[in-house]
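Here is a set of short exercises to work through with a protein model in front of you. Try each task on your own, then follow the solution step by step.

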Amino acid sequence: MTENGANRHGAYGYRLRYPETVDRIHLADLVELDESLPEIRVTWRYATTIMDVEEIGRTRVVYGVRGATTFDVRLEPRVIHMDLPAPVPPGALVHPLLTVGMSIHARWRGDVTLHAGAFESNQGGWGVIGIREAGKSSFLASVGEHGRPVIADDLLTIQDSTVWAGPSCVDLRPDTAERFPHANYLGIVGNRPRYRLSTAPGAARVRLRGFFFLEWNDRPEIALELLPARERLHLLYRQEYIRLVGHSAPSQLVPLIGLPTWRLSRPRDWSANEDVIGRVLELTDASTFEDATGKLDETAPARDAR
């Protein structure tokens with residue numbers, strides 16, 4: 001989409017070319033990229049998938065579920081094509097509908113791809129991992145409301161221990177969006193309503209500094225526990241996008257195991273949220289990072305970080 005300037009914008013280290021009919025306002029959350037980076041053409045049509053399909057090749061992947069979206073992802077020329085069962089809000093064509101296709105292109109590039117979010121601090125990028133209902137989206141939205149760019153909502157792509165930033169936004173369920181006045185109604189995507197919170201734009205590529213693994217607890221304490229290397233490896237393998245393109249090479253994961261990974265256990269009580277975010281931002285701030293890591297060791301029990 002050279003005509004309206006969107007060819008300099010994209011996500012995960014790829015410029016994205018949309019049809020000329022797409023208004024630039026719907027592309028606002030994309031990342032500004034160098035024009036030398038490769039470009040992917042994004043296309044779609046409204047068509048019903050009548051049967052499950054899964055065709056995996058070295059340069060093409062076709063994947064779809066009956067009655068849902070089917071993805072046709074090609075390496076040369078670089079394309080992400082989607083058959084959509086129903087009209088979608090234009091913003092959904094930036095996120096989350098591109099996640100599957102972009103994860104495949106990132107794996108073809110040689111990246112580690114994780115089911116995780118991330119935010120940017122003065123020190124670099126910080127991955128955020130959580131099982132379903134662990135509050136990952138509300139955590140990222142809270143960090144974003146404090147001025148930190150959200151650089152991944154659901155897909156984290158890592159190349160040589162650096163993160164390629166995804167769209168600068170996080171999608172929220174209606175009950176969570178009520179707590180964030182700047183979240184805007186996106187529309188119905190995937191048979192459920194979604195709200196979008198756009199955040200400050202971040203760098204296109206940042207050094208990955210570590211991870212936070214989110215958990216709830218039944219106590220009033222906020223606890224941080226630095227995980228040992230064995231648990232870090234298990235966690236990374238569990239979070240990989242592996243269904244379509246297989247595991248990353250062990251050599252790609254070794255540098256990530258050496259990064260600090262904290263289990264962040266906090267109460268479900270929303271009144272504790274500001275304290276939780278304050279502790280995390282203090283830990284990831286450039287002026288306190290070395291001091292904070294020095295207070296934690298791999299054999300220490302979870303500490304009250306309030």
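The exercises below use a predicted model, and they go from the whole chain to its interior.

**Exercise 1. The whole chain**

Task: Find how many helices and strands the chain has, and describe its overall dimensions.

Solution:
- Start with the secondary structure: the chain has 7 helices and 21 strands.
- Next, compare the radius of gyration with the globule rule. The chain has a value of 19 Å, close to the 19 Å that the rule gives for 306 residues, so the chain is as compact as a globular protein of that length.
- Then look at the box around the C-alpha atoms, which is roughly 55 × 45 × 40 Å along the principal axes.
- Finally, consider contacts between residues at least 6 apart in sequence: 70% of these join residues at least 24 apart.

**Exercise 2. The nonpolar cores**

Task: Work out which residues have the most contacts inside the largest nonpolar core, and which elements build this core.

Solution:
- Begin with burial in general: 53% of the 306 residues are buried.
- A general tendency helps here: in soluble globular proteins, nonpolar side chains tend to be buried together.
- Now take the largest nonpolar core, which has 29 residues; Leu 16, Tyr 18, Met 82, Leu 97, Leu 98 and Met 102 have the most contacts inside it.
- At least two residues of this core come from each of β2, β4, β6, β7, β8, α1 and β16.
- The largest share, 3 residues, belongs to β8.
- Zoom in on Leu 97: beyond the residues up to four places away in sequence, Leu 97 touches Thr 69, Phe 71, Met 82, Leu 84, Val 88, Ala 92 and Val 189.
- Another core lies apart from this one; it has 27 residues, including Val 128, Ala 177, Ile 222 and Leu 281.

**Exercise 3. One threonine**

Task: Is Thr 157 buried or exposed? Name the residues in contact with Thr 157.

Solution:
- First place the residue: Thr 157 sits in strand β13, which covers residues 156-159.
- Its relative accessible area is 0%. Buried means under 20%, so Thr 157 is buried.
- Setting aside neighbours within four places in sequence, the contacts of Thr 157 are Tyr 12, Ala 106, Arg 109, Asp 111, Val 112, Thr 113, Thr 162, Val 163 and Trp 164.

**Exercise 4. Empty space inside**

Task: Count the cavities of 30 Å³ or more, and describe what lines them.

Solution:
- The idea behind the search is simple: rolling a probe the size of a water molecule over the atoms shows where empty space is left.
- The count is 2 cavities of 30 Å³ or more.
- The largest cavity holds about 100 Å³ of space. Its lining includes Ser 138, Phe 139, Trp 216, Arg 266, Asp 269 and Asn 273.
- Two or more lining residues come from each of α2, β20 and α6.
- Sorted by class, this lining has 6 nonpolar, 3 polar and 3 charged residues.
- One of these elements deserves a closer look: in α2, 8 of the 10 residues are buried, among them Ser 138 and Phe 139.
- The second largest cavity has a volume of about 30 Å³, and Ile 129, Phe 211, Arg 232, Leu 235, Leu 236, Leu 256 and Thr 261 line this cavity.
- Helix α4 gives the largest share of that lining, 3 residues.
- By class, the lining of the second largest cavity has 5 nonpolar, 1 polar and 1 charged residues.

Methods:
Residues numbered from 1 in each chain as written. Predicted model: local features only at pLDDT ≥ 70, side-chain atom pairs only at ≥ 80, totals over all residues. Heavy atoms only, no water. 1 Å grid on protein atoms, 1.4 Å probe; cavity = no way out; pocket = protein on both sides within 12 Å on 5 of 7 lines; lining within 4 Å. Points joined across faces, edges and corners; volume = space filled by probe spheres on them. Helix = DSSP H or I, 4+ residues; strand = E, 2+ residues; numbered from the N terminus. Nonpolar A, V, L, I, M, F, W, Y, C, P; charged D, E, K, R; others polar. Core = buried A, V, L, I, M, F, W, Y, C linked by side-chain atoms within 4.5 Å. Buried < 20%, exposed > 50% of the residue type's maximum accessible area, 1.4 Å probe, protein only. Contact = heavy atoms within 4.5 Å. Rg over C-alpha atoms; globule rule 2.2 N^0.38 Å.
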